[in-house]
Amino acid sequence: MPLRSNRTSGNRHYAIVGAGFTGSVLAAQLLRGAEVPTTVTLIERADAVGAGLAYSTPNGRHLLNVRAANMSAFPDDPHHFLRWLWAHDGGHDVPPSGQAFVSRARYGAYIQDVLEEARAKAPPHAALNLVRGEATDILPGRDGVRIRMGNGPRLAADAAVLCVGHFPPSLPPAATEEVLASGRFIGDPWNRAAIDATDRDAPVLILGTGLTMVDTVLTLLDEGHRGPIMAVSRRGLLPLVHRETRAFTSFLCPDVMPSTALDILIALKADVRRARAEGLDWRSAFDALRPYHHRIWRHLPPEERQRFLRHLRPYWNVHRHRLAPEVASRIEAARSIGQLEVGAGRLRSLTPTAGGLEAVVAERGRDREWRRTFGAVINACGPECDYRRIRHPLVRALLDRGMARPDPLRLGLDVTEQGALIGTDGRESERLFALGPIAKAPFWEMTAVPELRSQCARAAEHLAGLPQPEPLSLAGLGRLAGALGLGQGRRR
Ligand SMILES: Cc1cc2nc3c(=O)[nH]c(=O)nc-3n(C[C@H](O)[C@H](O)[C@H](O)COP(=O)(O)OP(=O)(O)OC[C@H]3O[C@@H](n4cnc5c(N)ncnc54)[C@H](O)[C@@H]3O)c2cc1C
């Protein structure tokens, strides 16, 4: 479907920072629907385009946690990924129903192809321009935006979209300077080289018991780790496992959405009871609620959103974001032989010792603590979403200059539903946007592909409808040069 555009002439230029899933699919949508001359500049700091953090793992046993049937990049073509699987890479292991969990590496290859195909099939007036490097600042102006790159060049565009994905977890208070200097604390759970370097026989402590912990355990096991692994989080909840379910229709009335966190729980429990009465299990009821997530979140007043996050979030996450059965079996097997232990507690301290790091953990619900020494401690608490704590230069520049602000619930950046950044003055930007997990505040669920692909499609339409920026005056050029730190040109 062609993108709506209120412009009849002029070249449109969009810069997208980050070529993971969100950036690549947005670029593909912009190219597919371009009605007027359009340039899409896609900026990526990593070697691979399309893969991002989630789909760049080389480990073939890191599986998608969503069925292949639900992983198309395009909401208007739900079987796109299945067709790709069947056409490429021996997709015969995927049944016609698409009820299979394929490797994340394969999915990364699919997104690369999506981008490549969009580039190849783009109309002659639309072009994709791939720029390698790290964006470190963005300056908006009346004529569009200027992007400063860490490796030198500066780029101009009508609008910029941040698709920068996840940031590693922040350090826990126990990770003091001495702990970091010991070399035994791995702060970034996606630092494969650091995990590969851990002593195979040493006991390892993982902070966190969610999906990142599961990935870390699989990485350790696949590297031949023989030592015991202990995973600890405040509640000790593990993600639950997918099972094949039949479709169920939620009894939620679209006109009467729950308006408190408690109402959500009551509605969900009622659906689970009805699903069970039909011979289905809780998964069917949970999945039936998916089309309503955004509407429910929009309907909740801020204090109820807060209440949901404080009391229900951990339980919601383990039910909503489930494990592929193959992955769950490996975790279960490691637990049954005693190699993996999962506990509930709070890390009190870490102390470097001759043998490693001694951890003191206060057990949940008991008036006691345990202390053990580990060869390595891995921080797998999940991505950091509180932008006050993120130190990346691009994020810092936008926050420090008041062009962006963290959302009040610390879920990401404060953005409108269209992804427009909201500055410290409360005004929404006409030129700066964010998509993907960093823009989940208005929606709550904006992490997995089924939600992200629709966000990308809507954003492409919105961007195509933006008014054309005014041309820059000479005075404006001078101000911009000053802001970018460009020296005066030599006088002749
Ligand atoms: C480990 C993991 C597994 C997951 N598995 C699944 C799954 O199975 N199914 C599912 O539906 N969802 C899954 N997700 C959810 C995931 O959030 C989305 O599927 C999706 O990958 C997010 O895409 P993104 O483009 O926003 O982020 P990413 O795909 O991470 O892409 C961000 C990109 O931006 C680049 N970048 C960042 N900053 C800059 C900068 N300043 N300059 C230049 N480039 C920059 C990064 O290098 C990266 O390539 C998973 C998430 C993680 C972390």
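Which residues come nearest of the 32 around the ligand? In this predicted model, that spot goes to five glycines: G18, G20, G52, G165 and G436. Two or more residues of the shell come from each of α1 (21–32), β2 (38–44) and α13 (449–464). Helix α1 gives the most, with 3 residues. Sort the shell around the ligand by class and you get 17 nonpolar, 10 polar and 5 charged residues.

Now step back to the overall layout. The protein is split into domain 1 (12–167 + 385–479), domain 2 (177–240 + 323–379) and domain 3 (261–320). Between domain 1 and domain 3, the C-alpha centres are 28 Å apart. Where these two touch, domain 1 puts in 5 residues and domain 3 puts in 7 residues. On the domain 1 side of that contact, you'll find 4 nonpolar residues, no polar ones and 1 charged one.

Let's finish with a single residue, L312. Its place is in helix α10, which runs over residues 302–320. Is L312 buried, exposed or partly exposed? L312 has 16 other C-beta atoms within 10 Å, so it counts as partly exposed; a buried residue would need 20 or more, and an exposed one would have 12 or fewer. As for its partners, set aside the neighbours within four places in sequence and L312 is in contact with A261 and L265. I264 is worth a look too: I264 and L312 sit 48 residues apart in sequence, with their C-alpha atoms 9.8 Å apart in space.

Definitions and conventions:
Residues numbered from 1 in each chain as written. Predicted model: local features only at pLDDT ≥ 70, side-chain atom pairs only at ≥ 80, totals over all residues. Helix = DSSP H or I, 4+ residues; strand = E, 2+ residues; numbered from the N terminus. Near = placed C-beta within 6 Å. Nonpolar A, V, L, I, M, F, W, Y, C, P; charged D, E, K, R; others polar. Domains from an automatic or database assignment.
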